[in-house]
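User: Please take me through this two-chain structure by question and answer, with the terms explained as they come up.

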Amino acid sequence: MKQIYVFCFLLLAAGTLSAQRPITGTVTDESGSGLLGATVVAKGTAAGKITDADGKFSLTMPAGVNTLVVSYTGYQTQEVDVTGQSTVNVVLLEAAGLLTELVVTGYSEVESKKLVSSVAVVGAKQLENIPMTDVNQLMQGRAAGVYTTATSGQPGAQQQVRVRGTGSITAGRNPLYVVDGIIIEQGNFAALDAGTNAVDVLAQLNPNDIENITILKDATATALYGSRGSNGVVVITTKRGKAGKTLITVKAQNGVTMPNFGNFELMNAEEAWNYERKVLANSGRTQEQIDATRPASMLDNTTDWLDEAFRDGKTYNVELQASGGNEKTRFFVSGGYFDQDGILIGSEFNRFSLRSNIDHTASDRLSFSLNLNGSYSQQNNAVDGNRFQSPIASAFTTTPLQGKINPATGKLYTGIENEYIGLTGDNFLYSLPLNTVDVNTFRLISKLSATYKILDNLSFTQNANIDLIGVDEVDYDDPTTADGVNDRGTLTTAYTQNRALTSQSLLRYFTNFGQDHDFDVMAVYEYQRTNFKTFNAGGKGFASGKLKTLDSAAEPNFVGGSQTDYSFISYLGQANYAFKGRYRLTGSFRRDGSSRFGANNRWANFWSVGGSWQINEEGFLDKVGFLNNLRLRASYGTSGNADIGNFVSQELYGFGAAYQNEPGSSPAQIGNPNLTWENSNNLNVGLDFSILDSRIGGTVEYYNRTSENLLLNVPVSSTSGFTTATRNIGKVQNRGVEVTLNLTPFKATRAGGFDWNVNFNISFNQNEVLELPDGEDILNGFQVFREGQPIRAYYLQKWAGVNPANGTPLWAVEGGGVTGTYSQASRFLVGNAEPDFIAGLTNAFSFKGFTLSAFFYTAQGNEIYNQSRAFMESDGLRFGWAHLKAAGTHWENPGDIAERPQPRSGGNNGAQNLSTRYLEDGSYIRLRNVVLGYSLPASWMQRARLQNVTIYVQGQNLWTQTNYTGLDPEADESGNEFFRYPVGKSITFGVDVTF
Amino acid sequence: MLFSLALLLAPACQKDLELNPSQSLSTGEALSDIASLKTALNGAYDAIQALGYYGRNYIVMAETEANLVYLSTANSNRFVSSYTYQWTPANADITSVWNDGYTAILRANNVINNVDRIDGDAAEKNQIKGEALAIRALVHFDLVRFFGKQYTNGTPSTDLGVPIILTSGIGEPARNTVAEVYDQVISDLETAKGLLRNEGIYRFSPEAAEALLARVYLYKGDWAKAETAATSLIGNAQYALSANVSAMFGGPGSSEEIFTLKNEASENRGSDNLGNIFIPQGYGDIRVTTDLLDLYEAGDSRATLIFQQPNNEYYVGKYLEQDGVVGLASPKLLRLAEMYLIRAEARFRQNDTDGALDDLNEIRLKRGATELMSLPNGIRDILSERHRELAFEGHAAFDYWRTGTDMVRNQCGTGLEVSAPCTIAANSHLTVHPIPQREIDVNQNMEQNDGY
């Protein structure tokens, strides 16, 4: 608002005639700090001065000139009327204000009011100080059309991000990540923990270094990324220095995360004991047999395994940021240490991160910048993979009737003992401290950029970027644990290096014809080459876990290694045209070549067109005073998805096999030389509006994205020796509506007044499979790909309850009726793993020094297959496991209308088999984040020579409303929940001090 | 302007778009000479070591579906559907027998169909081809006896077996009849026999092909040929019954073994090693029934391969360890004792009871059991001897079904074992496994077995 007033004021300013005279003044920023190096010029003349360290200047005004032009990089240029004044104080406003908000699309920056494409921006305020490792966690619910789920609570784990629905089945579905204009790597690069979601190189980025995140959603934005843009693009811009006084900020944070099991509740020891005795009784065992199998003595040594496995996790973060500089050189540097202990024992993540972003303006023509970001993290995983020591599986499934202490020795059971009842023959309480899984990741992202202005309106930029990732892993299995006993202890080390080199050459040109026609073009050549290398070596026979090096192994176990490469070459052109600033047209073209495809299809073209109409600037709307902004946007274009295996098109023999210690080979892949890119066609129509002094604003968008040539591992008859073959088939559509609203119900009229801002976004996405080969269904586990249905459509036997007569299970049969024989039950379409809509609502209040914001997030209308429950409510099948408390309520007597069948040893007629019995509504509402902050009064600050001190307390996931009975409704997109690391609740205290 | 600059730079980079993998070779390169075919043949042996096949499951399921072992109430949830006969076509164990079997057939076929087009020593080429043919025969035979009715307990000329696959490629083949599959198996083995030379017990030799033929003829009810084939092995001086069964099952390489699938220490699967499903150091889920214990008389050394634990239950001791690795085992797929048992059964079927008794007693005396003077229960007595000798080696259930004998679990419902049927009639549809659902789903020509 303030900016608008200033702007209007400037427009109205007029000069009066006067003689030559001296004038002095000060140029400051909004906080009152003097700006060093600002340019002050008498308008229309060459008379100008540069301000000194305190922002002061003195100047002689030529006769007849009454306007000063004050400019400074990173700030809005101001014209100041000095009629009749001899001293003047000029307050410059930062350029990132309302009028010139820049939206970064990776290759370029666009003023938000000139935007034709559909983007969502998450700003630093929403990113800062949230105690999470991964930038993706911070986007959840903040941007319309972006669906983020935490699939694991392991600190440092990968998040699932989907932009506008799922457009692919087997190829990558993650968006592309771009940091400061360069495509960077994402995902898991760990060799030993490959295939799990426990490790993510994006966790190497410090979220507090981020200025903003822009999510590109429609074709005009994503077509710029051609074959890699179809899943959307997340453009991350890091903070840069601004000329002016050096600002030093120290941040410190301390928090605690508490385990949260939602509605998931287990039987205690006595309940489990009674239940299992009942199972035996129901199976015709005599009292004697029951007493022998489940004696009362079992209750003497019991364990609450969940309580043992989970703890209050701690988060600690300390950070220093400094930024500043002058007209010539600006810098932003930061260093941080983040340390998080997960709620599961044995899970830890800590990160050291350093960043330096330097900009230098060498001359009017030449400028440079160098970004350096190095980080190193140490992660200890409580793996949820297929390891004995994984506390995830054991904590949930080990019977409470199993004591943790072996009465014979008085020490912890190792789990190898014959009498130990456990899923895996391992007591994680014993093995976890001994068997470590360490993942140490080093990442360096550095970019050098040079821009030369060939002409005032023609510039050339050359960027060079290195994205280097090194992952060093050590896995140790102690000889006294189940994982290590066979080989008398094993140690496996692995080192993985991924190197992506990018060279980008950009040429930009702009011009205008007369007053009304603005024209700019950009041409880009981009080359990216990526090399991935890994080797691992293992030893066995260890005397002690204290010496975790291969040298201390009694004998070598194995060595292995591999490497793979891929490359992209791209040509890109974009042209923008504006007429009278009201009508805009944009078009882009990209040609991509990649090593990932066979020679027949190595190159592909992508294009887009878009336009916008600034309706409120039309004459016929002049009289509509309350309208601040009304803009209609539309775009159409193509993009692709090249996130597939590196060599999927080739027919290959692999060499992993062996017989008699001699190498063996085997067909690894069926060839398909015609394999090509997945591509999508994207339509987007959007309306931006803002009314009543911009107190009500927002965006409504409709999109329709059709993805075709989907790469699918089509199941084939396994008589071929293969179970699947990769083919380009099918078509999937995602269409939906997104609404974003920004409201200011209360606007502070003076500093420290009451202020209330509301931000709301909601996204509806409808996913539909449009075409499959020959229109035939393709089964996908308990789901099916069927034309007219969403990709994640459940196709399951329908549970028809319990037969009241005898307590056996019933399932529905097509055409009506029920059956008690599972193999005769029919499968039905029974739901969808994708939510109908997701929404985020933020309310932010401020008054005096206090701020309070609460962020709610919801996903509604999705189903989750609760496979964990299928294991723990299995009607006696999983005897000797832990059981859900609810399993204790079941059919007892003829005539009972029961939810669960009679539990019997070996299960009750397969009642635990896949069926809707375990399919549940996954809708939830969650108070994702709430922050209460207080900034100490400015008067105190001045005395302490501080700029600002803010203290805050913050809560994450404090409240959740859901009917889902599993651990956490934040489910994986597959819709299958199976014993995973749950996400906890956390409370964090923090302080930010700026000098 | 920049485009022209870029175009100048581009050719230098073009070759970067032509990258090849570093771990894999194109199929042409992978099967181009003797050395690469030998490697591919090793790949075929590797396939029959798969967990779902001779790595463990195929052997174990033939036991859990019979009465020599039981599945303990305290179990790791493995082999429950097998022990309880709660088959669904989607069953993972059954699916992996099918998938692993055809994976092995593909690997063998690629060798068989490429060996003739390469240059090389004829004897070496014959050996490679012979071994691959024998592997292909073994797998087809194992699949047909698992997924089809038994030849001697059905109508083989019309009963559906499994698709015979002789070339590589993706298709939707229909099931061949049981008789057709047997014909193919016999033809492959006869051809292999003529091509092979003996390169040790860990690879298919002419003797191993002959021994497998003896088993196939027995399953086919071709008693005369079964007897002839078994006789040729029994008369072969390379092989002799072991004097010490504990030593024989301490590792591979005894004098009895005709074909042993060698598992190396480097192929250690940890808890999924074959032995670990049986022994307390592993899962220990599958334990020995009184049905089997009661078969042994005092002094029978074969009973020493079963051991008792403090919980008073009996465990399988045939696969304790190998090369110091707990539970690791190299299954002895064909051994001389089985040849005696085959010949005994073949002779008995041809009304030569004395000859049958001679063969049975040859084994019994070697194992420290007393001589049998008659076979009062006929074929049941021969089956009992097979149980004593071949227990836990993957024969039990097949022996019931192919002889038309009902499987009766006398140890049933005692509280030690998972609730399961006490009797399965030899004519029950449950004696034939369902065709995997995924195959039915993707192959329009695939017919499901009765009852599923």
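The turns below go through confidence, the contact between the chains, some single residues, a helix and the sheets.

User: What kind of model is this, and how are its residues, chains and ligands numbered?

Analyst: Residues are numbered from 1 along each chain as its sequence is written, and chains are lettered from A and ligands numbered from 1 in the order in which they are written. Local features need a pLDDT of at least 70 and side-chain atom pairs count only at pLDDT 80 or more, while totals for chains, interfaces and linings use all residues, because this is a predicted model.

User: What average pLDDT does chain A have, and over which residues is the pLDDT below 50?

Analyst: The pLDDT is the predictor's confidence in each residue, from 0 to 100. In chain A, 94% of the residues score at least 70, and the average is 85. Where pLDDT is low, the predicted coordinates should not be read in detail. The stretch with pLDDT below 50, which has 20 contacts in the model beyond near neighbours in sequence, is residues 1-18 of chain A.

User: How many residues of chain B are in contact with chain A, and which element gives the largest share?

Analyst: Two residues are in contact if their C-beta atoms, placed from the backbone, lie within 7 Å, and by this test 74 residues of chain B meet 74 residues of chain A. Among the elements of chain B that give two or more residues to this side are helix 1 (2-14), helix 3 (34-48) and helix 7 (92-115), where helices (H or I, at least four residues) and strands (E, at least two) are DSSP runs, numbered from the N terminus. The largest share of the side of chain B that touches chain A, eight residues, comes from helix 7 of chain B.

User: How many nonpolar, polar and charged residues does the side of chain B that touches chain A have?

Analyst: Ala, Val, Leu, Ile, Met, Phe, Trp, Tyr, Cys and Pro count as nonpolar, Asp, Glu, Lys and Arg as charged, and the others, Gly among them, as polar. On that footing, the side of chain B that touches chain A has 33 nonpolar, 31 polar and 10 charged residues.

User: Is Asp46(B) buried or exposed, and which residues does Asp46(B) touch?

Analyst: A residue is buried if 20 or more other C-beta atoms lie within 10 Å of its own, exposed if 12 or fewer, and partly exposed in between, with C-beta atoms placed from the backbone. Asp46(B), which lies in helix 3 of chain B, has 23 C-beta neighbours inside 10 Å and therefore counts as buried. Leaving aside residues up to four places away in sequence, Asp46(B) touches Ala657(A), Ala658(A), Tyr659(A), Gly664(A) and Ser666(A).

User: Where is Gln660(A), and what is its phi?

Analyst: Gln660(A) sits in the loop between strand 32 (652-659) and strand 33 (662-669) of chain A. Gln660(A) is partly exposed, because 16 other C-beta atoms lie within 10 Å. Its phi is positive in a residue other than glycine, near 55°.

User: Is Phe79(B) buried or exposed?

Analyst: Phe79(B) is in the loop between strand 2 (69-71) and helix 6 of chain B, and has a positive phi of about 60° although it is not a glycine. Since 24 C-beta neighbours lie inside 10 Å, Phe79(B) counts as buried.

User: Which elements do the buried residues of helix 11 of chain B pack against?

Analyst: Helix 11 (residues 223-234) of chain B has 12 residues and reaches 16 Å from its first C-alpha to its last, close to the 16 Å expected at 1.5 Å a residue, the expected span being 1.5 Å times one less than the number of residues. Its buried residues include Trp223(B), Ala226(B) and Leu233(B). The buried residues of helix 11 pack against helix 10 (206-220), strand 3 (257-260) and helix 14 (336-349) of chain B.

User: Which strands stand at the edges of the open sheet with the order 3-2-5-6 in chain A?

Analyst: Two strands pair if DSSP finds at least two bridges between them, and in this open sheet of four strands the pairing is antiparallel. One side of each edge strand is left without a neighbour in the sheet because each has a single partner strand, and these are strand 3 (48-50) and strand 6 (78-81) of chain A.

User: Which residue is the bridge partner of Phe589(A) in strand 30 of chain A?

Analyst: Strand 29 (residues 583-594) and strand 30 (residues 603-614) of chain A run antiparallel and are joined by 11 bridges. In strand 30, the bridge partner of Phe589(A) is Trp607(A).
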